[in-house]
Amino acid sequence: MFPKNAWYVACTPDEIDGKPLGRRICGEAIVFYRGPGGTVAALEDFCPHRGAPLSLGRVVEGQLVCGYHGLEMGCDGKTVAMPGQRVRGFPAIRSFPVVERHGFVWVWPGDAAQADPARIHHLEWAHHPDWAYGGGLYHIACDYRLMVDNLMDLTHETYVHANSIGQKEIDETPVNTRTEGDEVITSRFMNNIMAPPFWRMALRGNGLPDDQPVDRWQICRFSPPSHVMIEVGVALAGQGGYEADPKVKASSIVVDFITPETETSIWYFWGMARRFQPQDQALTASIREGQGKIFSEDLEMLERQQKNLLAWPDRPLLKLNIDAGGVQSRKVIDRLIAAERGTPAETPA
Amino acid sequence: MFPKNAWYVACTPDEIDGKPLGRRICGEAIVFYRGPGGTVAALEDFCPHRGAPLSLGRVVEGQLVCGYHGLEMGCDGKTVAMPGQRVRGFPAIRSFPVVERHGFVWVWPGDAAQADPARIHHLEWAHHPDWAYGGGLYHIACDYRLMVDNLMDLTHETYVHANSIGQKEIDETPVNTRTEGDEVITSRFMNNIMAPPFWRMALRGNGLPDDQPVDRWQICRFSPPSHVMIEVGVALAGQGGYEADPKVKASSIVVDFITPETETSIWYFWGMARRFQPQDQALTASIREGQGKIFSEDLEMLERQQKNLLAWPDRPLLKLNIDAGGVQSRKVIDRLIAAERGTPAETPA
Amino acid sequence: MFPKNAWYVACTPDEIDGKPLGRRICGEAIVFYRGPGGTVAALEDFCPHRGAPLSLGRVVEGQLVCGYHGLEMGCDGKTVAMPGQRVRGFPAIRSFPVVERHGFVWVWPGDAAQADPARIHHLEWAHHPDWAYGGGLYHIACDYRLMVDNLMDLTHETYVHANSIGQKEIDETPVNTRTEGDEVITSRFMNNIMAPPFWRMALRGNGLPDDQPVDRWQICRFSPPSHVMIEVGVALAGQGGYEADPKVKASSIVVDFITPETETSIWYFWGMARRFQPQDQALTASIREGQGKIFSEDLEMLERQQKNLLAWPDRPLLKLNIDAGGVQSRKVIDRLIAAERGTPAETPA
């Protein structure tokens with residue numbers, strides 16, 4: 001169960017460089033490629049001739065050419081040509097609304113008539129020279145909502161990421177959770193603590209001492225359908241914390257686009273946008289490597305949690321205060337799914 | 001769905017050299033081995049004692065000895081002996097009609113009473129010193145009919161095998177398809193073209209120049225249940241083409257025995273019989289290697305096509321002129337299945 | 001189908017050294033670990049907070065700490081603490097009776113009220129300085145009863161283990177099978193034969209000649225739910241055989257604990273307890289290696305037999321005299337299952 005009338009991140013532009021990409025999104029088998037003029041296109045990954053996946057073909061001057069018998073498909077899902085054939089009567093295949101923006105390719109797997117590019121999640125940092133971004137992609141065999149839970153409750157850092165970003169003070173500091181329309185925000189502020197290893201590395205990267213007390217913050221923001229942006233950072237203690245001057249802090253936005261593949265698997269686009277030393281590409285690479293390693297620590301936990309939930313489908317889970325971010329986010333998701341289907345939401349708001 | 005009252009290639013003789021072979025054919029788990037006097041035998045792969053696969057046993061003086069507790073099975077499916085036991089009352093297991101001929105082992109997975117060895121596909125080249133043969137075996141996860149389609153429509157060579165046997169002229173030259181009883185023949189003749197790399201290699205192998213125009217032909221012949229023999233070749237242009245003197249051409253027969261394992265997987269016996277330089281074993285090896293590489297290019301396409309068709313079971317496929325060979329072959333197959341079952345054929349002829 | 005009100009071997013103590021172990025036993029997903037004071041504990045492998053497997057966590061001063069959000073679980077299945085939470089209302093998870101004894105960890109996957117540690121299988125050799133033990137663990141994809149059959153009919157040694165413990169005389173010597181309450185004993189005595197390779201190695205290990213005739217014995221004893229202890233050995237011929245003086249024989253007990261994981265898979269704890277040269281650790285290692293290799297020869301046979309039985313579910317198997325040990329053992333098992341369920345046994349005794 002996922003909203004289908006929504007913009008999801010499908011891939012990054014480099015994944016369709018010079019060749020088509022087949023990827024299942026919200027249950028739909030889709031081929032992504034660059035059509036005429038380089039504009040991104042998304043079609044059902046099914047050749048109307050004999051059912052071959054179009055993603056095994058290639059792109060010739062903006063046409064997607066089937067790799068089996070050479071059918072040339074247009075980006076509207078109508079066959080353009082095929083050697084020796086009249087194609088006018090060929091059945092069309094479905095095309096999906098798709099937009100390249102902010103350094104990502106976004107797809108709308110639901111009702112195309114409702115797809116408004118203005119509703120694509122805005123990423124201010126993607127267009128600003130003060131910011132730098134690095135990220136990656138993981139495939140994880142879990143319900144996308146388990147990843148939303150994970151990111152909206154960072155107490156898990158203390159246990160899953162004990163050697164990098166976790167620290168006891170996360171557990172000891174209460175969170176505040178609130179909703180703003182369809183967004184859910186959960187935040188935690190920890191003052192006058194020692195930074196954990198990842199943040200000591202970031203402080204050094206910004207030319208700051210790493211052996212002094214800091215103020216640390218985590219502000220997680222869920223946006224439908226399943227994006228979680230997390231403002232994180234540390235500032236030298238007592239200089240304003242989250243509001244401190246950029247010169248005395250290292251801060252960034254953890255970027256999480258969680259795209260359902262099936263009911264129990266996801267494409268997880270993770271990354272970090274930072275507002276310090278944006279021109280330092282070695283720092284970008286080093287942060288990306290560190291983040292990739294940290295985020296990979298969640299994979300086994302999420303996949304094994306998913307297996308447990310499938311084995312015990314009727315067992316209720318607890319909804320503690322630390323879970324409020326995930327619980328509220330699921331309510332928003334339920335509401336959107338119910339609205340799509342014209343039925344009442346499963347979880348009363 | 002496959003005809004079961006038919007002779008299928010089960011294995012090559014070297015696969016049962018000195019030991020039994022377990023292989024599923026048309027859904028039947030069968031053990032093949034050499035019985036008394038070296039005659040090939042085929043039985044259900046199930047020991048009547050405790051259900052162990054007999055193919056894990058060994059052959060001792062023509063008896064198949066179960067590898068678990070030593071039951072000795074006769075090639076008629078009746079237990080011959082077992083240490084310390086009277087075996088007269090042991091239940092028999094099924095034996096399958098099986099014949100070694102033309103360099104292959106043929107099995108009849110259906111009603112044994114109807115198995116007439118005279119109906120085994122004749123391979124003239126297998127007995128003639130002017131011919132040489134080399135081939136191999138692939139396991140592919142697709143319906144056997146997708147492979148029949150593949151071989152009865154060679155336009156795919158232009159796309160799947162672009163660097164070896166494919167060339168634009170295949171697409172541009174129309175095919176002729178006809179049926180002769182239960183056989184389907186689809187042919188294409190391309191005159192005065194440049195040979196693609198595989199055929200240039202073959203021309204050189206036959207001591208002919210590889211930089212001159214040639215006439216090229218492809219004559220695909222489907223025979224039930226699922227054999228496809230393809231006469232292919234090139235002759236120096238304007239010297240009679242298919243009918244040209246053997247001295248000015250390089251020609252061969254592509255041999256394809258497609259044996260269903262299950263509804264969605266096959267044992268694909270491929271090879272090439274050639275009528276030039278038959279004594280040149282290095283050439284045989286080189287052609288075999290080249291063909292094996294080319295034919296392996298079809299595997300991913302066929303397996304992914306199969307997955308697509310399973311995901312979209314109700315979606316109709318196109319039946320174009322280039323598909324006529326496969327379409328007509330499927331009609332023959334449908335007719336045979338219907339005759340076996342005593343029901344009307346699904347596809348009207 | 002397996003008795004659940006029974007003590008099964010779950011693991012060996014080294015498997016829970018310093019970290020929890022997740023293992024499915026009789027269909028139950030269980031986490032094993034050392035609780036307060038080092039006492040072994042067994043719980044459902046499901047954190048009541050969000051369903052994570054507790055076996056991914058760690059043990060801190062005898063408390064099992066969930067690796068996701070730090071819930072601390074007590075060995076009675078009640079949550080002890082969780083950072084920032086009041087845990088009194090948390091739902092308990094199931095705890096399983098578990099005992100460490102005789103060098104193994106034993107679990108009772110059924111009704112805890114009936115779990116009496118006095119009923120744990122007694123292993124006299126585990127506590128006696130005259131004995132040495134070495135063993136291992138295999139995971140095998142077969143019904144546990146197929147392994148019981150295997151061990152209660154050693155004629156298979158002649159075929160499966162032809163190069164180590166098998167010999168023709170096993171086949172030629174009749175077995176005697178009898179039941180004693182819930183135990184089944186099947187025995188075979190072979191006099192004045194040459195020892196096979198494994199036993200020649202054992203004779204040399206005990207300082208005895210390996211080129212003289214011996215008397216050999218095999219006494220298999222099934223005990224519920226699915227333990228098989230086999231007294232095996234050889235003595236220099238004519239000196240009393242099984243009853244001969246320890247100085248002229250090499251004898252041991254083959255130890256087999258067969259613990260169902262699911263209906264079609266097992267944890268197979270195998271080993272050998274010997275009464276000669278107990279202090280010789282190199283001999284222990286060498287016997288263990290030899291036995292491990294021999295017992296691995298059964299794996300393919302059992303897994304393929306299981307597949308055959310699943311493919312032909314309605315096909316009856318033979319019950320010969322050599323199968324009597326397995327057949328009688330299954331009757332005991334059926335009786336226990338029926339008693340648990342309050343229904344008549346499937347197989348009449």
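**View 1. Length of helix 6 of chain B in the predicted model.** Helix 6 of chain B covers residues 324–341, 18 residues in total. At 1.5 Å a residue the helix should span 26 Å, and its end C-alpha atoms lie 26 Å apart, so the expected and modelled values agree. Just after helix 6 of chain B comes Gly342(B), with a positive phi of about 70 degrees.

**View 2. Buried residues of helix 6 of chain B and their packing partners.** The buried residues of this helix are Gly325(B), Gly326(B), Gln328(B), Ser329(B), Arg330(B), Val332(B) and Ile333(B). They pack against helix 1 (144–152) of chain B, and also against three strands of that chain: strand 12 (176–180), strand 13 (183–193) and strand 14 (214–223).

**View 3. The two domains of chain A.** Domain 1 of chain A is assigned to residues 8–118 and domain 2 to residues 125–341. Taken over C-alpha atoms, the centres of the two domains are 33 Å apart.

**View 4. Contact between domain 1 and domain 2 of chain A.** Nine residues of domain 1 touch nine residues of domain 2. On the domain 1 side, the elements that give two or more residues are strand 1 (8–11) and strand 2 (21–25) of chain A. Strand 1 gives the largest share, three residues. By class, the domain 1 side has five nonpolar, three polar and one charged residues.

**View 5. Contact between chain A and chain B.** Here 17 residues of chain A are in contact with 22 residues of chain B. The chain A side divides into nine nonpolar, seven polar and one charged residues.

How values were computed: Residues are numbered from 1 along each chain as its sequence is written. Chains are lettered from A and ligands numbered from 1 in the order in which they are written. This is a predicted model: local features need pLDDT of at least 70, side-chain atom pairs count only at pLDDT 80 or more; totals for chains, interfaces and linings use all residues. Two residues are in contact if their C-beta atoms, placed from the backbone, lie within 7 Å. Ala, Val, Leu, Ile, Met, Phe, Trp, Tyr, Cys and Pro count as nonpolar, Asp, Glu, Lys and Arg as charged, and the others, Gly among them, as polar. Domain bounds come from an automatic or database domain assignment. Helices (H or I, at least four residues) and strands (E, at least two) are DSSP runs, numbered from the N terminus. The expected span of a helix is 1.5 Å times one less than its number of residues. A residue is buried if 20 or more other C-beta atoms lie within 10 Å of its own, exposed if 12 or fewer, and partly exposed in between; C-beta atoms are placed from the backbone.
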